[in-house]
Amino acid sequence: MLVKEMLLEKIFRAYLDYTNEKYGHEHEETKLHVHDIVRCKHKSVMETMFPEFMRSPSAHIFIGEAIDEFVKKIIEIKREDLFPDLESTEIEVSREIRLEDDGEEKVITIIGKPDIVLRDAIVEIKYSRTIEDKPLEHHVMQLKLYLFLTNKKKGYLIYVTPRGMREFVIEEEISDDYVKELLRSWSSPRFEWECDYCHYREICPYRVVSIKEEA
Ligand code: SF4
């Protein structure tokens, strides 16, 4: 006999509480979080107005979060044997940058939490439905911002997909100018495809309607 015990609902409640604690923050003009900078600018405004719709019961996002946590966990467990250069899987980092805005100088604090910080590198874990020959642009931006925040010059993007796993390495010193350009080019949306997946698309004035959707 099938008995409905609501365990799945409790797991999902726990997952939502966990991710809200992990990613939740106030959206402030002079304190910008990496995961906001690499996506649509207006989404932060929508999240402030309608926090109820920030997260959806998506199994895909749940799996991504689970993989992220699992990789961090096994790296910690095997720290002594395989990852003696591990610095942290938890740390929040920040750095200030000065911007000219209408002739005035503004100080912006950029804040981020890389998945894995090694002595000489940053590692970001990504879950994707498909395997690609190159990393996604917003993931590269995110990794480069973490390199900037930690003053490191090497970053790994590790993709885990149902079709296989893949690693990309970026070796670069990230300048203030790169970050300033990212902030100057921050738009709503940053990438047109974002609107197709956005929870706010039905009420957003900046929504871009894709050709696929029009048809
Ligand atoms: S619908 Fe598009 S422009 Fe509007 S908040 Fe979402 S991603 Fe940004």
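**View 1. Five strands make up an open sheet in this predicted model.** The strand order is β2-β5-β6-β7-β8, and the pairing is mixed. Two strands count as paired if DSSP finds at least two bridges between them; strands (E, at least two residues) and helices (H or I, at least four) are DSSP runs, numbered from the N terminus. β2 (86-88) and β8 are the edge strands, each pairing on one side only. On average, neighbouring strands of this sheet are turned by 25° against each other, direction ignored. Axes are lines fitted to C-alpha atoms, for helices over the stretch in contact, and angles run from 0 to 180 degrees between N-to-C directions. This is a predicted model, in which local features need pLDDT of at least 70 and side-chain atom pairs count only at pLDDT 80 or more, while totals for chains, interfaces and linings use all residues. Residues are numbered from 1 along each chain as its sequence is written.

**View 2. Strands β6 and β7 run parallel.** Six bridges join β6 (residues 122-127) to β7 (residues 154-161). From β6 the chain crosses through helix α6 (residues 137-150) to β7, a right-handed β-α-β crossover. Right-handed here means that, with the strands pointing away from the viewer, the path from the first strand over the helix to the second runs clockwise. V123 has Y156 in β7 as its bridge partner.

**View 3. β7 and β8 form a hairpin.** Two residues lie between the strands. Eight bridges join β7 to β8 (residues 164-171), and the two run antiparallel. T161 stands opposite G164 in β8, and L157 stands opposite F168 in β8.

**View 4. Helices α4 and α6 lie across strands of the five-stranded sheet.** Helix α4 (residues 59-77) lies across β2, β5 (116-118), β6 and β7, at about 145° to β6. Helix α6 lies across β5, β6, β7 and β8, at about 155° to β6. Residues are in contact if their C-beta atoms, placed from the backbone, lie within 7 Å.

**View 5. A second view of sheet structure shows three strands in the order β1-β4-β3.** This sheet is open, with mixed pairing. β1 (31-33) and β3 (93-101) are at the edges with a single partner strand each, so one side of each has no neighbour in the sheet. Neighbouring strands are turned by 30° against each other on average, direction ignored. Three bridges join β1 to β4 (residues 104-112) in parallel, with L32 partnered by I110 in β4. Nine bridges join β3 to β4, which run antiparallel, and E96 stands opposite T109 in β4. In the β3 and β4 hairpin, which has two residues between the strands, D102 takes a positive phi near 55°. Helix α7 (residues 176-184) lies across β3 and β4, at about 70° to β3.

**View 6. The ligand has 14 residues around it.** A residue is near the ligand if its C-beta atom, placed from the backbone, lies within 6 Å of it. C40, C195, C198, C204 and Y206 come nearest. The elements giving two or more residues to this shell are α3 (42-49) and α8 (194-197); α3 gives the most, with three. By class, the shell has eight nonpolar, two polar and four charged residues. Ala, Val, Leu, Ile, Met, Phe, Trp, Tyr, Cys and Pro count as nonpolar, Asp, Glu, Lys and Arg as charged, and the others, Gly among them, as polar.

How values were computed
Two residues are in contact if their C-beta atoms, placed from the backbone, lie within 7 Å.
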